Amino acid sequence: MGHLVTLATCALNQWALDFQGNYERILESIRAAKAAGARYRLGPELEIPGYGCNDHFLEGDTYLHSWEVLAKLLTAPECQDILIDVGMPVTHKNAKYNTRVFILNGKILLIRPKMFLANDGNYREPRWFTAWAKTREVEEHYLPRSISKITGQESVPFGDAVVACNDTVVGTELCEELFVPDSPHIHMGLDGVEIFANGSGSHHEFQKLHQRIDLVRQATAKSGGIYLYSNQQGCDGERVYYDGCAMIFLNGELVGQGSQFSLKDVEVTTATVDIEDVRAFRGRQASRGLQAAKAPSYPRVHAYISLTHDRFEAELSPPNPVIGAKLLKPEEEIRYGPACWLWDYMRRSKSGGFFLPLSGGIDSCATALIVYSMCRLVCEAVESGQSQVLADVRTLTRDPAYIPTEPEELCNRLFHTCYMGTTNSSKDTRDRAKELAQRIGSYHVDLNMDTAVSAVMGIFTFVTGKTPQFKVHGGSATENLALQNVQARLRMVLSYLFAQLLLWVRNGEGSLLVLGSANVDETLRGYLTKYDCSSADINPIGGISKTDLREFILHSQSEFKFDFLQKFLDAPATAELEPITENYVQEDEVDMGMTYKDLSVYGTLRKVSMLGPYSMFSKLVHLWGNLFSPTVVAEKVKKFFFYYSINRHKSTVLPPSYHMSSYSPDDNRFDLRPFLYNAGWTWQFRRIDETAKAMEDKKTK
């Protein structure tokens, strides 16, 4: 018997409820695994129906069609002579479970239900599934008749068990189970499990991959073993992007890593390792042996297959060397993550491309650069021979012979930008928008919308007999805000008009998806007009801070050789909704009464640290103690919570945004809070004031 084993894990771009497409991608991954010499293949969590089915997991159809796909896998010739570990939902005794199903040569060996369900952030698994609570116990699960006819089995083991092959033992650790303190791999390892398999559905968030790699490394660094990690990749119909990066670790060392961001629908990562390295690692730990001797046993389900090569095959597959983990900087994650998400959204919605109001400011500039990055990725994928990407491009452009070679040319076909100026707009912003559009290749429109603004205000004046004035012309704050908002909302109306008709203007078919460009800090503060250009179809930067967007533009300036981007970085952030005078230029941070840097701090403390007004003050009074007095800190905190409260309602109507920031105020699912507050926070603010006064009184004594 040989000691070398080749194992395969994968990242699949599954789509919720796309059973046919999901089946084809699973089958393709199995073919690739076998071609690489692997005898075990691990796939992502719930890969058959797609992870993002949400409340469709409560429907019987989802379970019926999942079994139908499994039936096709059981009978497919490609699925013979390889141990397959696939994810799907299963109903057992009228309870719904998120499970792993092990199949081999037309038989179901084990159905292993998830034991710890994800229930924080964007995850709501207990809404749809039950956690299996019977540790190291199995029951008989009676199969659907259609499956029994194929397998010849009436029932199969269901529960917390491991799979014993002829030469090693495989155990499951399902996504969230890796993140909990008392993870199953600890106990399985002590019971002799040598291969840990984690089929996951983990979405992208800033630097989250670092955490995953650390957790997987630690899982085998102390007690040894081989750890396979599989993940979904792509947008499967939600605000999140699953960032792949399938991995294989041996005794705490990385020996295989897939890409984090990719346009590939199927990416298989394989590694050949020496199973004896696991045994030697564990054998030299006397204390581990003592713990293993008294560890409780897992039920074992036998798989009549040897995962190791014989000694002749081993010569053809040398062990993988240890490699360094590939980790991206935050600005690189912005470059690739939202770009891949946009590509999936566009191709799966069958739209004709994107439309973006280009203001000449940081936010819309960053959004445009993300679309340009998407076009670069598409051209690179086509050049590397990715046939699915080429087929998608031809479908989107309605050109069956088209082969994209230059990102600028592709951008001109798929990306449409528009500068919507008024008398309050400056020549600088118009010129910056025009230059950006020219350099990335977008189809650009430049218009002046003063006639539309005048027409709307003319109706108001005709009906009421009143003519509102801007603040600089003597108007009140109410008039000033209304005059700004009418400009912003008309831009939204014009955006959808042009998005629907620009392809027609260009003798094309279909319509465009409107992109929003409101950043996470402005959403948190509520510094946007309800139903303005923030009201779009999707928003690729809605989970990214202004600070990070600036870093991304700086990165793009270097990577794309776009020196002109310095003009965007040097320009003050302004909405340009008020008249510019000799003594006044509107600026965002002045309007907001707080800086973007401070907003990032408030957002992190509010959401990540879970601090209310008083606790945030108590934290900041120490962090900012060398900069501000307690009463100044108190005023800053109260101002933030006041504006957050009165503007929270705006979060309820924002378009779906790419989830990236851990402090996102996304009201749909991630940040579940009221949208009608007592903005005075009477009790909380009083306690802040009392504490601040007491601290300052103490200093003066």
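**Ser 426, the nonpolar cores and helix H1**

Ser 426 lies in the loop that runs between strand S18 (415-421) and helix H14 (427-440) of this predicted model. The relative accessible area of Ser 426 is 16%, and because this value falls under 20%, the residue is classed as buried. The side chain of Ser 426 is joined to that of Glu 576 by a polar contact of 2.6 Å; when residues up to four places away in sequence are set aside, Ser 426 touches Tyr 419 and Ile 580 as well as Glu 576.

The largest nonpolar core comprises 61 residues, of which Phe 354, Leu 369 and Leu 436 touch the most other members. Helix H11 (residues 362-383) supplies the largest share of this core, with 15 residues. Beyond four places in sequence, the contacts of Leu 369 include Leu 436, Ile 440, Phe 552 and Ile 553, together with Ser 556, Phe 560, Phe 562 and Leu 565. Another core, of 37 residues, lies apart from the largest one and has Ile 26, Val 69, Leu 70 and Trp 132 among its members.

Helix H1 (residues 19-35) contains 17 residues and reaches 24 Å from its first C-alpha to its last, close to the 24 Å expected at 1.5 Å a residue. The buried residues of H1 include Phe 19, Tyr 23, Ile 26, Leu 27 and Ile 30, and also the polar residues Asn 22, Arg 25 and Ser 29. Among the elements that cover the buried residues of H1 are strands S1 (4-12), S2 (40-42), S3 (83-92) and S15 (266-274), as well as helices H2 (60-75) and H10 (330-349). H1 is followed by Gly 37, which has a positive phi, near 90 degrees.

Key:
Residues are numbered from 1 along each chain as its sequence is written. This is a predicted model: local features need pLDDT of at least 70, side-chain atom pairs count only at pLDDT 80 or more; totals for chains, interfaces and linings use all residues. Side-chain values use heavy atoms; hydrogens and water are left out. Helices (H or I, at least four residues) and strands (E, at least two) are DSSP runs, numbered from the N terminus. Buried means under 20% relative accessible area, exposed over 50%, partly exposed in between (1.4 Å probe, protein chains only). A polar contact is a pair of N or O atoms within 3.5 Å; within protein, one must be able to donate a hydrogen and the other to accept it, and residues adjacent in sequence count only if both atoms are side-chain atoms. Contact means heavy atoms within 4.5 Å. A nonpolar core is a set of buried Ala, Val, Leu, Ile, Met, Phe, Trp, Tyr and Cys residues joined through side-chain atoms within 4.5 Å. The expected span of a helix is 1.5 Å times one less than its number of residues.
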